[in-house]
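Biologist: I am new to this structure and would like a close look at a single part of it. Could you take me through that part slowly, and then set it within the whole chain?

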Amino acid sequence: MKRIFWLIIGIAVGVYAVTRLKKKAQVLAPAGMQESAAKLASAVRHFGDQVREGMAERETELRDALGIENASQTDSTQRKDYR
């Protein structure tokens, strides 16, 4: 009876190990790598978009707070005042 129990345990562990290894192999396969790279690139693009959106929003807030009406003023006009 003990031998049958350990045989069943061994088979179950073997099946579990094989299925885990197959999943890992699929992830590391070229198609899986391309999918992972695409997901990473999408996440980076989304993060960049969020940062740019936040920067534009903050710039608008700062312009309102400082009373700057338009963005057409350049640094060169401000530099002439200091020279």
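Biologist: The part I have in mind is the place where helix 1 and helix 2 come together: at what angle do their axes cross, and which residues meet there?

Modeller: In this predicted model, the axes of helix 1 and helix 2 come within 4 Å, and they cross at roughly 65°. On the side of helix 1 the residues that take part are Q26, V27 and L28, and these meet P30, G32 and M33 of helix 2. Sorted by class, this contact of helix 1 with helix 2 has 4 nonpolar and 2 polar residues, and no charged residues.

From that contact it helps to follow each helix in turn. Helix 1 covers residues 2-28, and because a rise of 1.5 Å a residue would give its 27 residues a span of 39 Å, the 39 Å between its end C-alpha atoms agrees with what is expected. Helix 1 is also hardly covered, since the count of buried residues among its 27 residues is 0.

Helix 2 has 37 residues, and the distance from its first C-alpha to its last is 53 Å, close to the 54 Å that 1.5 Å a residue would predict. Helix 2, residues 30-66, is also where confidence is highest in the protein chain, at a mean pLDDT of 92.

Several charged pairs can be traced along helix 2. Side chains of opposite charge can pair when their charged atoms come close. E35 and K39 are joined by a salt bridge between their side chains, with 3.6 Å from N to O, and the two residues lie 4 residues apart in helix 2, about one turn of the helix. With a relative accessibility of 47%, E35 counts as partly exposed, whereas K39, at 55%, counts as exposed because the cut-off for that class is over 50%.

Further along helix 2, R58 forms a salt bridge with E61, and the closest N and O atoms of this pair are 3.2 Å apart. Because R58 and E61 are 3 residues apart in helix 2, about one helical turn separates them. Both are partly exposed, R58 with a relative accessible area of 46% and E61 with one of 39%.

E59 forms a salt bridge with R63, where the closest N and O atoms are 3.2 Å apart, and these two residues of helix 2 are 4 residues apart, again about one turn of the helix. E59 is partly exposed, with a relative accessible area of 42%, and R63, at 24%, is partly exposed as well. The structure holds 4 salt bridges, among them the pairs just described.

Just after helix 2, G67 takes a positive phi of about 80°. Beyond G67 comes helix 3, residues 75-82, where confidence is lowest in the protein chain, at a mean pLDDT of 52.

Set within the whole, the protein chain has 3 helices and 0 strands, and reading along the sequence gives the pattern α-α-α. Of the 83 residues in the protein chain, buried residues make up 2%. The average pLDDT of the protein chain is 84, and 83% of the residues score at least 70. To return to the part you asked about, the picture is of two helices whose axes cross at roughly 65°, with Q26, V27 and L28 in helix 1 meeting P30, G32 and M33 in helix 2.

Definitions and conventions. Residues are numbered from 1 along each chain as its sequence is written. Side-chain values use heavy atoms; hydrogens and water are left out. pLDDT is the predictor's confidence in each residue, from 0 to 100. The expected span of a helix is 1.5 Å times one less than its number of residues. Buried means under 20% relative accessible area, exposed over 50%, partly exposed in between (1.4 Å probe, protein chains only). Axes are lines fitted to C-alpha atoms, for helices over the stretch in contact, and angles run from 0 to 180 degrees between N-to-C directions. Contact means heavy atoms within 4.5 Å. Ala, Val, Leu, Ile, Met, Phe, Trp, Tyr, Cys and Pro count as nonpolar, Asp, Glu, Lys and Arg as charged, and the others, Gly among them, as polar.
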